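Below are some comments on the model, set out as numbered points for a colleague who works at the bench. Please read them with the sequence and the structure open beside you.

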Amino acid sequence: MAAKPSSLLIFQPRLNLRLKPFIFSSTSLAFSIILRIPFPKPSFFGNRKFHSSLSAVSSAQSIGDGGNGGGRSGALSPTLVTEELQKIDVNPPKGTRDFPPEDMRLRNWLFNNFREVSRVYGFEEVDFPVLESEALFIRKAGEEIREQLYCFEDRGNRRVALRPELTPSLARLVIQKGKSLSLPLKWFAIGQCWRYERMTRGRRREHYQWNMDIIGVPEVTAEAELLSSIVAFFKRIGLTAADVGFKVSSRKVLQEVLKCYGIPENMFGKVCIIIDKIEKIPLDEMKKELKVVGVSEDAIEEMLQVLSVKSLTKLEEILGGGGEAMSDLKQLFSLAEKFGYSDWIQFDASIVRGLAYYTGIVFEGFDRGGKLRAICGGGRYDRLLSTFGGDDLPACGFGFGDAVIVELLKEKKLLPELSVEVENIVCALDPDLQGAASRVATILREKGQTVDLVLENKPLKWVFKRATRINAQRLILVGSSEWQRGMVGVKDLSSGEQREVKLDELN
């Protein structure tokens, strides 16, 4: 029997010239012939197309019986398919994404940063069903999100929807757990959300969202903590206060203006939804919408004056210093200095956020270049739980999508280079040693190392190419002579160093 090559001989460049394996088998030859030569159709099948092999067998049997329906009279007679199968569109539905490995590496990197920031801030992870009751998201007429729901009736005649955001699901879970929860809650979630909306840069019909929420703290310290966590995230991924910032305001500012003009409180949510469109629709159109819901012309002009304010000093001149809005905002900006992120935030009275459930401080993250839509947004929602029949608790939180931040990192050339990395690639030099190679791979994996096991009988040239593609640190070859001595050949692919290592010393 001819001697089988040693793994260390394979490592030697001069010997490699003589040891270029050429894999050839009668099976592969036969298969290639089959691929190249069309299989003739049996004449008794004619041009008929069959739904399955059962159809073909049944037809063949019928023809063999002279076409007289021989055999059992109750025999299965499948309907023949006479139409050609149509090719499906291999692209994902409009507004959605596939995540091949290179994109999945980026997504995991982003999510890992979300999770790490949440962890160091002492938050616990939660999750909710992607499919929820439609009623959970239908709150007050006029909310843009209501018109964007992916909703339908399920087979049990229940109205359901793919979640467009995470906060209502959080509220539902808090109500469900009730008094068993120990307050305050500091929870975070990373979940897929769906909205049927017009697509623009950084806006898709599905996206992943990072939420952090604090339940049970009425003080502005909660909002200050949340803003601090987002700043920490920005710093982790290489963004500075020169790249991004936060516009901060309070819904109580508008409430104080509307009270002066006798606008009832139940109108407030509708007004905020309209005001949130201030940068999306012409000013005259916004004024018309405000008049339609019952806001007087004088109140509209006063609101527009207040919404143009960009400093707390100017706001205090208009509202005075005694109201809740001024008190909350002053405290927040004071806390921002102590946290160390005062240069990241600025007051902007036009920020009201488009969701009806916000009640106090609101904020949006934005890129200072002005090329992208809001990066993230959030605020206080102290009265959300009663919307679903629960007892209200003080609460605040934010949502941070995955799409806009990736666009910003591309713009700033801050996207990380994330290549696949495997510590070991293990290859048997002979098909008979595939089991031995599997054992080597198992030993390394049980020690926590990553291993790419070559599962086929491949040439060494192919193995080296694959090792390069997956950035393997070591190549481990299982050769016959070494294996008989309880050893394997190990090559360090960065230094080129090669040696034999005992199997029980491999690590």
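1. Tyr196 has a relative accessibility of 47% and so counts as partly exposed, in a scheme where buried means under 20% relative accessible area, exposed means over 50% and partly exposed lies in between, computed with a 1.4 Å probe on protein chains only. Tyr150, with 23%, also counts as partly exposed. Please keep in mind that the model is predicted, that local features need pLDDT of at least 70 and side-chain atom pairs pLDDT 80 or more, and that totals for chains, interfaces and linings use all residues. Residues are numbered from 1 along each chain as its sequence is written, and side-chain values use heavy atoms, with hydrogens and water left out.

2. The structure holds 19 aromatic pairs, where rings of Phe, Tyr and Trp (its six-membered ring) pair if their centres lie within 6.5 Å, and where planes under 30 degrees apart are stacked, over 60 edge-to-face and the rest tilted. Tyr150 and Tyr196 form one of them: their ring centres are 5.7 Å apart and their planes stand at 70°, so this pair is edge-to-face. Because Tyr150 belongs to strand β3 and Tyr196 to the loop between β5 (185-194) and β6 (206-215), the pair ties together parts that are 46 residues apart in sequence. Helices (H or I, at least four residues) and strands (E, at least two) are DSSP runs, numbered from the N terminus.

3. A second pair joins Phe234 and Phe400, and this one is tilted, with 5.8 Å from centre to centre and 50° between the planes. Since Phe234 lies in helix α7 (residues 221-236) and Phe400 in strand β11 (residues 395-401), the parts tied together here are 166 residues apart in sequence. What is the relative accessible area of Phe234? The value for Phe234 is 0%, so Phe234 is buried, and Phe400 is likewise buried, at 0%.

4. Phe234 and Phe400 also belong to a cluster linked by ring pairs, which takes in Phe99, Phe111, Phe114, Tyr208, Trp210, Phe233, Phe246, Trp344 and Phe398 as well. One member of the cluster, Phe99, has Arg107 over its face, at 4.6 Å from the ring centre. The criterion is that NZ of Lys or CZ of Arg is within 6 Å of the ring centre and within 35 degrees of the ring normal. Tyr196 has such a charge too, for the charged end of Arg205 sits over the Tyr196 ring, 3.9 Å from its centre.

5. Strand β3 is part of an open sheet of 3 strands, in the order β2-β4-β3, with antiparallel pairing; two strands pair if DSSP finds at least two bridges between them. Both β2 (131-133) and β3 (150-153) stand at the edges with a single partner strand each, which means that one side of each has no neighbour in the sheet. Between β2 and β4 (residues 159-162), 3 bridges form the antiparallel pairing, and Glu132 stands opposite Ala161 in β4.

6. A further open sheet has 8 strands in the order β1-β5-β6-β11-β10-β9-β7-β8, and its pairing is mixed. At its edges stand β1 (124-125) and β8 (345-347), each with a single partner strand, so that one side of each is left without a neighbour in the sheet. Strand β7 (residues 244-250) pairs with β8 in the parallel sense over 3 bridges, and Phe246, which also appears in the ring cluster, stands opposite Ile345 in β8.

7. An unreviewed UniProt entry places the feature "binding site" at Glu165, Leu166, Thr167, Arg195, Gln209, Asp213, Arg353, Tyr357 and Tyr358; UniProt positions follow the numbering used here, feature names are shortened, and annotations may be inferred rather than shown by experiment. Thr167, one of these residues, is found in helix α6 (residues 167-177) and counts as buried because its relative accessibility is 8%.

8. Some backbone details deserve a check, because most residues other than glycine have a negative phi and most peptide bonds are trans. The bond from Leu183 to Pro184 is cis, with omega near 0°, and Pro184 is found in the loop between α6 and β5. Lys413, not a glycine, has a positive phi of about 55°; Lys413 lies in the loop between α15 (402-411) and β12 (424-428) and is exposed, at 74%. Asn471 has a positive phi near 55°, is found in the loop between α17 (460-469) and β14 (474-478), and counts as partly exposed at 34%.
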